[in-house]
Amino acid sequence: MHSDLQFLPSLALTLLLLLSSGAITSESARIFTLINDCRVTIWPAITPGTNFDGGGFALKSGEARLFTAPIGWSGRIWGRTGCTFDSSGNGTCRTGRCGSSLKCAASGEPPATLAEFTLASPDFYDVSLVDGFNLPMVIKPINGQGNCSVAGCDGDLRPNCPNELAVKSGGRVVGCRSACDVFNTDEYCCRGVFGNSATCQATTYSKIFKQACPKAYSYAYDDPSSIFTCTASDYVITWCSSRNQTVCTYHDDRLVCSGSSVLKPMKGVWTDVAVVIVGLVFTLQWLYSPLI
């Protein structure tokens, strides 16, 4: 999906963000770093959003935002696309909208790729396509204990979305609805006699989703390969990135990156490193072709 150097934009921007943030966190808090690797602005939405800038904001291409959530927080995060909001935060989006507000207080309108969390001991997390797909989305735990697998979908379902599930805008497929949302049958929605793990099985449509995104929920009872646990972890959520992309977060005055040891920030040194990496990013940017 991306070149081997694709990690550089997120790493550089995250370095600059974290070194300047001076974040103060409690021992039990979880740090969430949200990164937009898409070519266009997206509008992350979070419910409940008290700890996340009220539940909604714009995130430009290449930008990152840092948040802290307490133990006990249970919620969902998704990306909205094609949004237009006025100065009062009123507007609409092509996909993922939660009514007409920038700050979401309710679930998003399908189709929307969802990241779901319950912060406890251990934490539970997953990426769900049960409400359809609108953006590639990856959850990467950092600094945790336990299995702590990478969850999510770095494939793009839109180009191969079945016509009967496709959501189009301006002649382009901008989302892929779930079979439940389209056909509203007990079998596709896992309800009635299909409302348990024994009778609710994968369908032709959910198998298409699962093939593209093996580490994401493709239907309601797709638990064994889709839900993950980790203890005392921080989480990096990236849109339009590779599952193997290197990402970083900042915790207890330490910079920690996936696939590497702890890096202790020393202001002068890390500032110089960040400047060098940003220079490389602009030099090599012509090599990249991130997803929309």
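Reader: Which residues are linked with Asp53 and Lys103 in a network of salt bridges?

Author: Arg65 is the third member, so to speak: Asp53, Arg65 and Lys103 are linked in a network of salt bridges. Bear in mind that this is a predicted model.

Reader: Noted. How many salt bridges does a search of the whole structure find?

Author: The search finds ten salt bridges. One of the pairs in the model is Glu116 with Arg76, whose side chains meet at 3.2 Å, N to O.

Reader: Which parts does that pair tie together?

Author: Glu116 belongs to strand β7 (residues 114–118) and Arg76 to strand β4 (residues 74–80), so the salt bridge ties together parts that are 40 residues apart in sequence.

Reader: Is Glu116 buried or partly exposed?

Author: Glu116 is partly exposed, with a relative accessible area of 21%. For Arg76 the relative accessible area is 21%, and Arg76 is partly exposed too. The cut-off matters here: buried means under 20%.

Reader: Which residue forms a salt bridge with Asp156?

Author: That is Arg158, and the closest N and O atoms of the pair are 2.9 Å apart. Arg158 has a relative accessible area of 9%, so it is buried.

Reader: And what about Lys210, what does it pair with?

Author: Lys210 forms a salt bridge with Asp222, with 2.8 Å between the closest N and O atoms. Lys210 sits in helix α4 (residues 204–212), while Asp222 is in the loop between α4 and β13 (228–230), so the pair ties together parts twelve residues apart in sequence.

Reader: How accessible are Lys210 and Asp222?

Author: Lys210 counts as buried at 18% relative accessibility. Asp222 counts as buried at 7%.

Reader: Change of topic. What does the chain look like overall, in helices and strands?

Author: The protein chain has five helices and 17 strands. It has 292 residues, of which 48% count as buried. About 13000 Å² is exposed, and carbon and sulfur atoms supply 53% of that area.

Reader: What share of the contacts comes from residues 24 or more positions apart?

Author: Among contacts with a separation of 6 or more, residues 24 or more positions apart account for 62%.

Reader: Sheets, then. In what order do the five strands of the open sheet come?

Author: The order is β3-β1-β14-β9-β10, with mixed pairing. At the edges are β3 (64–69) and β10 (151–153), each of which pairs on one side only. Neighbouring strands of this sheet are turned by 20° against each other on average, direction ignored.

Reader: Do β1 and β14 run parallel or antiparallel?

Author: Parallel. Strand β1 (residues 30–36) is joined to strand β14 (residues 234–239) by five bridges. In β14, Trp239 is the bridge partner of Asn36.

Reader: Back to Glu116 for a second. Where does Ser128 lie, and what is it in contact with?

Author: Ser128 lies in strand β8 (residues 123–128). Leaving aside neighbours within four places in sequence, Ser128 is in contact with Ala112, Thr113, Leu114, Glu116 and Tyr217. Glu116 is the residue in the salt bridge with Arg76.

Reader: Is Ser128 buried or exposed?

Author: Ser128 counts as buried, at 4% relative accessibility. Its side chain reaches the backbone nitrogen of Val130 at 3.1 Å.

Reader: Backbone geometry next. Is the peptide bond from Thr47 to Pro48 cis or trans?

Author: The Thr47 to Pro48 bond is cis, with omega near -15°. Pro48 is in the loop between β2 (43–47) and β3. The bond from Ser121 to Pro122 is also cis, with omega near 10°. Pro122 is in the loop between β7 and β8.

Reader: And phi, what is the value for Asn143?

Author: Asn143 has a positive phi of about 70° although it is not a glycine. Asn143 is in the loop between β9 (137–142) and β10. At 31% relative accessibility, Asn143 counts as partly exposed.

Reader: What is phi for Cys148, and where does that residue lie?

Author: Phi of Cys148 is near 50°, a positive value in a residue other than glycine. Cys148 lies in the loop between β9 and β10. Cys148 counts as buried, at 17% relative accessibility.

How values were computed:
Residues are numbered from 1 along each chain as its sequence is written. This is a predicted model: local features need pLDDT of at least 70, side-chain atom pairs count only at pLDDT 80 or more; totals for chains, interfaces and linings use all residues. Side-chain values use heavy atoms; hydrogens and water are left out. Helices (H or I, at least four residues) and strands (E, at least two) are DSSP runs, numbered from the N terminus. Buried means under 20% relative accessible area, exposed over 50%, partly exposed in between (1.4 Å probe, protein chains only). Contact means heavy atoms within 4.5 Å. Accessible areas come from the Shrake-Rupley method with a 1.4 Å probe; for residues, only the protein chains shown count as cover. Two strands pair if DSSP finds at least two bridges between them. Axes are lines fitted to C-alpha atoms, for helices over the stretch in contact, and angles run from 0 to 180 degrees between N-to-C directions. A salt bridge is a side-chain nitrogen of Lys or Arg within 4 Å of a carboxyl oxygen of Asp or Glu. A polar contact is a pair of N or O atoms within 3.5 Å; within protein, one must be able to donate a hydrogen and the other to accept it, and residues adjacent in sequence count only if both atoms are side-chain atoms.
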